[in-house]
Amino acid sequence: ALGSAAALHADPIPYANPGTVAPTVVTYATGTTINAYYYSTSAADYDTISIYDLSNGTYFSPQNALPNQSSFPGQEQTFVNNSASVDDQIVFELYNSSVGETFASDPSLSSDGINHAYVTSFSGTIPGSSVTVAGTYVGMEDLPLQGSDLDYNDDTFVFTGVTAPTPEPGSFILLGTGLLGAAGALRRRFTR
């Protein structure tokens, strides 16, 4: 029993700014199917996850899946929405049945009006499992702002079939370097 409890509470990918609300990252469906892989939990409350298609106002099936108190690292759940289209905006919703509230990656759908999801890319093996996957890591907070530590590790998952356009810091550096080079070339051209 101790071994399975330790596996359920594997260390997630850390959120860099605990105590502050994570920036909202818009995520999109790449089709009608999204696969979720349970990563870990540190929450004592009873939570489940749903995926909402904001573009067409429908849920992927099933709803309220992967209960955090009985799921295991690497456990897979397939979510399907035949009404979904490529590039539909999707929202991750966590329902905390212990407090009876829904918390989401879209602040307007959270009961307290803040973002409850930390989103980043993931590629590797999920700790405590033999599942290797490349996708989008989502760490969620399961308490309202007043009671939350905002470390985004209460319930964590990796999703495939989802895109999250989050530019890497290196991309900004390359863009800045390119703009400086272009400005220098224009300056030389006009000073001749």
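Me: Which residue in β9 is the bridge partner of Tyr118?
Reply: A good way in is to pick one residue on a strand and look across to its neighbour. In this predicted model, Tyr118 of β8 has Gly139 as its bridge partner in β9.

Me: How many bridges join β8 to β9, and do the strands run parallel or antiparallel?
Reply: β8 and β9 are antiparallel, and nine bridges join them. The two strands make up a hairpin that has six residues between its arms. Look at Gly128 in the turn, where phi is positive, about 80°.

Me: Now the rings, please. How many aromatic pairs does the structure hold?
Reply: To read a ring pair, look at the distance between centres, then at the angle between planes. There are nine aromatic pairs here. Take Tyr15 and Tyr118: their centres are 5.2 Å apart with 55° between the planes, and the pair is tilted.

Me: Which parts of the chain does that pair tie together?
Reply: Tyr15 sits in the loop between α1 (2-8) and β1 (27-29), while Tyr118 belongs to strand β8 (residues 117-125), so their pairing ties together parts 103 residues apart in sequence.

Me: Are Tyr15 and Tyr118 buried or exposed?
Reply: The relative accessible area settles this one. Tyr15 has 8% and is buried; Tyr118, with 14%, is buried as well.

Me: What kind of pair do the rings of Tyr118 and Tyr137 form?
Reply: Here the planes meet at 70° and the centres are 6.1 Å apart, so the pair is edge-to-face, the cut-off being over 60 degrees. Tyr118 in β8 and Tyr137 in strand β9 (residues 132-140) are 19 residues apart, so this pair too links distant parts of the chain. Tyr137 is buried, at 0% relative accessibility.

Me: Which residues form one aromatic cluster?
Reply: Tyr15, Tyr118 and Tyr137 belong to it, together with Tyr39, Phe122 and Tyr152.

Me: Next, the nonpolar interior. Which residues have the most contacts inside the largest nonpolar core?
Reply: Start from the best-connected residues and work outwards. Phe92 and Phe159 have the most contacts inside this core of 23 residues. The elements giving it two or more residues are β2 (33-41), β3 (47-53), β6 (89-96), β8, β9 and β10 (155-160). Another core, of 13 residues, lies apart from it and includes Tyr15, Tyr37, Ile126 and Val158.

Me: What is Phe92 in contact with, leaving aside neighbours within four places in sequence?
Reply: Its partners include Ile49, Ile51, Phe103, Val138, Met140, Phe159 and Val162. Ser105 is also among the contacts of Phe92.

Me: Where does Ser105 lie, and is Ser105 buried or exposed?
Reply: Ser105 lies in the loop between β7 (101-104) and β8. A loop position alone does not tell you about burial, and the value to check is 5% relative accessibility: Ser105 is buried. Beyond four places in sequence, Ser105 touches Thr24, Val91, Phe92, Asn115, Ala117 and Met140.

Me: And how far apart are Gln89 and Ser55 in space?
Reply: Set the distance in sequence beside the distance in space. Gln89 and Ser55 are 34 residues apart in sequence, yet their C-alpha atoms are 5.4 Å apart. Gln89 is in strand β6 and is partly exposed, with 25% relative accessibility. Leaving out residues up to four places away in sequence, Gln89 touches Ser55 and others, including Tyr28, Tyr52, Leu54 and Asp106.

Key
Residues are numbered from 1 along each chain as its sequence is written. This is a predicted model: local features need pLDDT of at least 70, side-chain atom pairs count only at pLDDT 80 or more; totals for chains, interfaces and linings use all residues. Side-chain values use heavy atoms; hydrogens and water are left out. Rings of Phe, Tyr and Trp (its six-membered ring) pair if their centres lie within 6.5 Å; planes under 30 degrees apart count as stacked, over 60 as edge-to-face and the rest as tilted. Helices (H or I, at least four residues) and strands (E, at least two) are DSSP runs, numbered from the N terminus. Buried means under 20% relative accessible area, exposed over 50%, partly exposed in between (1.4 Å probe, protein chains only). Contact means heavy atoms within 4.5 Å. A nonpolar core is a set of buried Ala, Val, Leu, Ile, Met, Phe, Trp, Tyr and Cys residues joined through side-chain atoms within 4.5 Å. Two strands pair if DSSP finds at least two bridges between them.
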